[in-house]
Amino acid sequence: MYGFQQNGTYPPVMASANDSKWQKDAADQNFDYMFKLLIIGNSSVGKTSFLFRYADDSFTSAFVSTVGIDFKVKTVFRQDKRVKLQIWDTAGQERYRTITTAYYRGAMGFLLMYDVTNEESFNAVQDWCTQIKTHAWSNASVLLVGNKCDLEDRRTITAKEGEELGGNLGLEFFETSAKENINVKAVFERLVDIICDKMSESLDSDPTLVSSQSKGTRLTENANTQNSGCSC
């Protein structure tokens, strides 16, 4: 069930990055695989800052709430493959939910994020899991991320509580800080590795699922229909 659309049609992007580095990365067709990833969670949990820290190694506290959806492209090397990541930063506000859930289908991985200083965002994790279960492919990989762990004096959710929630939902758990660059790269690397492992298992069981092309590899939507293991 894994797949991507190399030149596929998606709903219109309401806000997008226009810097020259992004344009160069987006135009680069030299890759083995392309993965569509989404960062989801309540508004103001730090999704945009997290994406900018990973994609551009930059941080600013001046971000305003994302309107609709935005994305960046980053190419990485994992497991001897050149992997192009299309990472979507979704708005957390309820009024944008219809727009953002339209992007769930086709996503191979999700970072489900809450703010360790915001109990409401933590309590909303189950609802976001339901959104994934409803709108995404059944085998999409999901990691639970507790962001802003640098704000220890303002913390309301302990690491143990985050770990227990992740265990109950069948999700691997990380605490991160976009500001201090704690575990940002590790989270993305782990998510990509999980997807690569699933792809390898699918291709080992049925090599016909791959159609080799000159620019990247396309996986059919019927590949690997087994569940991701997420019980959310």
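## Tyr114 and its aromatic partner

In this predicted model, Tyr114 has a relative accessible area of 0% and is therefore buried. Its ring forms an aromatic pair with that of Phe122, in an edge-to-face arrangement with 4.9 Å from centre to centre and 70° between the planes. Phe122 also counts as buried, at 14% relative accessibility. Tyr114 and Phe122 are both among the members of a core of 27 residues, which also takes in Cys129 and Leu171.

## Other aromatic contacts

The count of aromatic pairs in the structure comes to eight. Ring pairs also join Phe50, Tyr54 and Phe188 into a cluster. Tyr54 has a further partner in Lys74, which lies over the face of the tyrosine ring at 5.2 Å from the ring centre. A comparable placement of charge over a ring involves Lys36, whose charged end sits over the ring of Trp88 at 5.8 Å from its centre.

## The nonpolar cores

The largest nonpolar core comprises 30 residues, and within it Phe35, Phe50, Leu85 and Leu111 have the most contacts. At least two residues of this core come from each of strand 1 (33-41), helix 2 (47-56), strand 3 (81-90), strand 4, strand 5 and helix 7, and helix 7 supplies the largest share, ten residues. The core of 27 residues that includes Tyr114 and Phe122 lies apart from this one.

The contacts of Leu111, leaving aside residues up to four places away in sequence, are with Leu38, Ile39, Ile40, Phe50, Leu143, Val145, Val187, Phe188 and Leu191. Two of these partners, Phe50 and Phe188, also belong to the ring cluster with Tyr54.

## Helix 5 and helix 6

Helix 5 has as its buried residues Val125, Trp128, Cys129, Gln131 and Ile132. Viewed down the helix axis, the buried residues of helix 5 fall within an arc of 155°, so they line one face of the helix. The other side of helix 5 bears the exposed residues Asp127, Lys133 and Thr134. Of the buried residues of helix 5, Cys129 is named among the members of the core of 27 residues.

In helix 6 (residues 159-169), the buried residues are Gly162, Leu165, Gly166 and Leu169. These buried residues of helix 6 fall within an arc of 100° when seen down the axis, and so they line one face of the helix. An α-helix has 3.6 residues a turn, so residues three or four places apart point the same way. The face turned away from the buried side of helix 6 carries Lys160, Glu163, Gly167 and Asn168, which are exposed. The cover over the buried residues of helix 6 includes strand 4 (109-115), helix 4 (119-123), helix 5 (125-135), strand 5 (141-147) and strand 6 (172-175). Just after helix 6, Gly170 adopts a positive phi of about 75°.

## Salt bridges between distant parts of the chain

Nine salt bridges are present in the structure. In one of them, the side chains of Asp115 and Lys148 meet at 3.2 Å, N to O. This pair links distant parts of the chain, since Asp115 belongs to strand 4 and Lys148 to the loop between strand 5 and helix 6, 33 residues apart. Asp115 counts as buried at 4% relative accessibility, whereas Lys148, with a relative accessible area of 22%, is partly exposed.

Another salt bridge joins the side chains of Arg155 and Glu175, at 2.7 Å, N to O. Because Arg155 lies in the loop between strand 5 and helix 6 and Glu175 lies in strand 6, this pair ties together parts that are 20 residues apart in sequence. Glu175 counts as buried, at 14% relative accessibility.

## A salt-bridge network that includes helix 7 residues

Within helix 7 (residues 184-205), Glu189 and Lys185 are four residues apart and are therefore separated by about one helical turn. Their side chains meet in a salt bridge of 3.8 Å, N to O. Glu189 is partly exposed, with a relative accessible area of 23%, while Lys185 is exposed, at 54%. Both residues take part in a network of salt bridges that links Arg78, Lys185, Glu189 and Asp193. Helix 7 thus carries these charged residues, Glu189 and Lys185, and also contributes ten residues to the largest nonpolar core.

Conventions. Residues are numbered from 1 along each chain as its sequence is written. This is a predicted model: local features need pLDDT of at least 70, side-chain atom pairs count only at pLDDT 80 or more; totals for chains, interfaces and linings use all residues. Side-chain values use heavy atoms; hydrogens and water are left out. Buried means under 20% relative accessible area, exposed over 50%, partly exposed in between (1.4 Å probe, protein chains only). The arc is that of the directions from the helix axis to the C-beta atoms. Contact means heavy atoms within 4.5 Å. Rings of Phe, Tyr and Trp (its six-membered ring) pair if their centres lie within 6.5 Å; planes under 30 degrees apart count as stacked, over 60 as edge-to-face and the rest as tilted. A charge sits over a ring if NZ of Lys or CZ of Arg is within 6 Å of the ring centre and within 35 degrees of the ring normal. A salt bridge is a side-chain nitrogen of Lys or Arg within 4 Å of a carboxyl oxygen of Asp or Glu. A nonpolar core is a set of buried Ala, Val, Leu, Ile, Met, Phe, Trp, Tyr and Cys residues joined through side-chain atoms within 4.5 Å.
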